[in-house]
Amino acid sequence: MKKDYQKRTKGEFNLFRQIFQWITCTLVYGFYYRVVFGLKIEGRNNIPRNGFCIVASNHVSAIDPFLVAYAVQRPVAFMAKMELFEKKIMRFFLDLLGAFAVNRAKLSPSTIKTAHTIKQTNWLLGIFPQGTRERDDNLDNVNKGFASFAKTLKCDIIPIGITGASKDKRHAFKSKMKIKIGEPIKFSDNVEEMIKLWSNKIVELIEGSNNEPQKS
């Protein structure tokens, strides 16, 4: 029977996957991008040490999930498009990282149930509201699903702005890659307002990074 990667049980968010994600995202990706691409993290104090929340970042490259997990320093269960689970090697890797599938055309009950399951663990829920990768400053294609989840799960949203991580901006030992973690956006029943607050905060975080003086 084919496994349904939209549906994850509480037991799957275990210590093994947590350690695997930490090794992959912190010891491997975190170290590599700090040394080679000058990765800097700001605002880690905005991530709660305990309790559940959604981490929602702009999406500029395929490495964003690894960067976000490294930045927040807590295990993160990311929503990943269903198509990524069609390839055997990718599916195996995503499974070990604790990711779960989402049908972007139609959200399934299994995906919603998985989000509720994650809330019962020490993991955070990771979502890229843009869905697909965009330029650092392009926020035209924001899906409201992440705010709907915040409303349903009654949890805050942590905005995260990534700059300098897109392929065309990554230059070994010359790049200025930065991740800024903003203050929590409180959940409410007003989905549109949460989306607006997130978009405005992402712009602020991104522009703040782009406007900082370059080091010679």
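Is Thr121 buried or exposed, and what is its relative accessibility? Select Thr121 and we'll begin there, keeping in mind that this is a predicted model. Its relative accessibility comes out at 17%, and buried means under 20%, so Thr121 counts as buried.

Now zoom out a little around that residue. Thr121 sits in a loop, with α4 (109-119) on one side and β5 (124-127) on the other. Show the side chain and draw two distances. One runs from the side chain of Thr121 to the backbone oxygen of Ile118, at 2.7 Å. The other goes from the Thr121 side chain to the backbone nitrogen of Trp123, at 3.0 Å.

Next, select Lys10 and Phe13. Both are in contact with Thr121, once you set aside its neighbours within four places in sequence.

From there, hop over to Asn14, which caps the N-terminal end of α1. Look for a side-chain oxygen of Asn14 lying 3.3 Å from the backbone nitrogen of Phe16.

Follow α1 along residues 15-37 and stop at Gly30: the helix has a kink of about 30 degrees centred there. Gly30 is also among the buried residues of α1. Colour some of the others while you're here, including Arg17, Gln21, Cys25, Tyr33 and Phe37. To see what covers the buried residues of this helix, bring up α2 (64-72), β3 (76-81) and α3 (88-97), which are among the elements doing so.

Last stop: Gly38, just after α1. Check its backbone and you'll find a positive phi of about 60 degrees.

Key: Residues numbered from 1 in each chain as written. Predicted model: local features only at pLDDT ≥ 70, side-chain atom pairs only at ≥ 80, totals over all residues. Heavy atoms only, no water. Helix = DSSP H or I, 4+ residues; strand = E, 2+ residues; numbered from the N terminus. Buried < 20%, exposed > 50% of the residue type's maximum accessible area, 1.4 Å probe, protein only. Polar contact = N/O pair within 3.5 Å; in protein donor to acceptor, adjacent residues only side chain to side chain. Contact = heavy atoms within 4.5 Å. Bend = angle between axes of the 7 residues up to and from the residue.
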